[in-house]
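I opened my notebook for a friendly look through this one. My plan was to look up a cavity and a helix contact, and to jot down what turned up.

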Amino acid sequence: MRFKKELDFVHLSKFFYIFSIVLTILGLVFLGFLGLNYSVDFKAGSNVDVALSKTITQEELNPALSGLGLSHEPSITIGEKRVNIRYDEVLKEEQSEQLQAAISKIDDKASFEINTVDTEMAKELARNAIYSVLISCLGIIIYVSIRFEWRFALAAIVALAHDAFMVVAIFSIFRLEVDLTFIVAVLTIIGYSINDTIVIFDRIRENLRFGKQKTYEDLKALVNKSVSQTLMRSLYTAFTVFIAAFFLLILGGESIKMFSLAMVIGLLFGAYSSIFIASPLWLLLKKRQKTPVKNNPAKA
């Protein structure tokens with residue numbers, strides 16, 4: 001569907017660039033000094049998930065957690081008939097048995113799931129997570145370069161890196177927990193973002209075939225026209241997925257809360273990156289080419 005009101009998206013992109021740059025700098029500062037709040041998936045420790053037959057309070061739980069001989073206090077999340085206890089140290093077998101016995105005195109129907117990650121496994125998981133994101137970005141660069149041209153590929157990868165880093169920055173600033181589902185969310189966001197970006201780039205390339213672009217202003221008008229023609233489709237797609245992710249965040253279980261939150265944040269940033277980051281960046285790269293702007297039916 002075509003957006004009826006013709007807007008100057010290239011001009012508006014300046015404000016989004018400023019916002020993204022400020023948030024990027026803020027995110028880098030927090031990452032440099034505080035890093036990310038890694039879950040037990042990425043650092044050594046034990047995660048105890050307890051399913052209960054009744055809801056208990058912090059005061060009832062505290063006596064069961066004392067006397068384990070650990071140097072750090074655990075992080076405790078209490079939900080309805082469920083308790084999650086995260087230790088920054090690996091529980092020994094006798095400590096694990098002592099903890100289960102103490103909680104069983106509060107609720108004899110309690111069931112336990114204890115996950116332990118050692119130091120080497122945590123490092124390997126973190127390393128593989130980074131590799132997965134880098135490899136996916138490399139594959140996107142190759143695909144877009146073959147399908148379009150290197151300027152489109154560079155603009156697309158900057159937009160993808162922007163979306164992924166914005167999510168990382170928000171999680172670092174607000175000290176939200178980063179676990180394996182967070183990596184899944186980032187990869188999913190990259191997939192949705194490149195989909196919208198490719199749709200707009202395809203329309204730009206199609207309009208280039210039938211237009212006569214001799215100046216920068218001609219190209220700017222073409223980008224604004226292409227974005228207008230695909231805007232509602234991009235917004236409908238993002239909004240549909242956003243609704244699903246939002247209700248997963250509100251109504252979903254504790255185990256997928258960080259995944260849902262990362263999806264909601266990433267979709268919001270991804271909704272404008274294809275329009276206000278990728279397309280104007282391609283225009284800037286096109287403006288800087290050495291040869292004059294000409295009508296090229298094959299490639300932009």
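Which residues line the largest cavity? I kept in mind that this is a predicted model, and then I read off the lining: Ile189, Tyr192, Ser193, Asp196, Thr237, Ala238, Gly266, Leu267, Gly270 and Ala271. I also checked where they come from, and the elements that give two or more residues to this lining are α6 (180-210), α7 (216-251) and α8 (257-287).

Next I looked up the cavity count. I found 1 cavity of 30 Å³ or more. The space in the largest cavity came to about 80 Å³. I then sorted its lining by residue type and got 5 nonpolar, 4 polar and 1 charged.

After that I turned to a helix pair. I noted that α1 (residues 9-33) packs with α5 (residues 150-173) at an angle of about 50°, and that their axes are 9 Å apart. Angles from 65 to 115 degrees would count as roughly perpendicular and those under 35 as roughly parallel, so I wrote down α1 as oblique to α5. The handedness went in too: α1 passes α5 in a left-handed crossing.

Which residues make the contact? On the α1 side I listed Ser20, Leu23, Thr24, Leu26, Gly27, Leu28, Phe30 and Leu31. On the α5 side I listed His162, Phe165, Met166, Val168, Ala169, Ile170, Ser172 and Ile173. My last entry was the tally for this contact of α1 with α5: 11 nonpolar, 5 polar and no charged residues.

Note on methods:
Residues numbered from 1 in each chain as written. Predicted model: local features only at pLDDT ≥ 70, side-chain atom pairs only at ≥ 80, totals over all residues. Heavy atoms only, no water. Axes fitted to C-alpha atoms, helices over the stretch in contact; angles between N-to-C directions. Helix = DSSP H or I, 4+ residues; strand = E, 2+ residues; numbered from the N terminus. Parallel < 35°, antiparallel > 145°, perpendicular 65-115°, else oblique. Left-handed = near helix turned anticlockwise from the far one by under 90°. Contact = heavy atoms within 4.5 Å. Nonpolar A, V, L, I, M, F, W, Y, C, P; charged D, E, K, R; others polar. 1 Å grid on protein atoms, 1.4 Å probe; cavity = no way out; pocket = protein on both sides within 12 Å on 5 of 7 lines; lining within 4 Å. Points joined across faces, edges and corners; volume = space filled by probe spheres on them.
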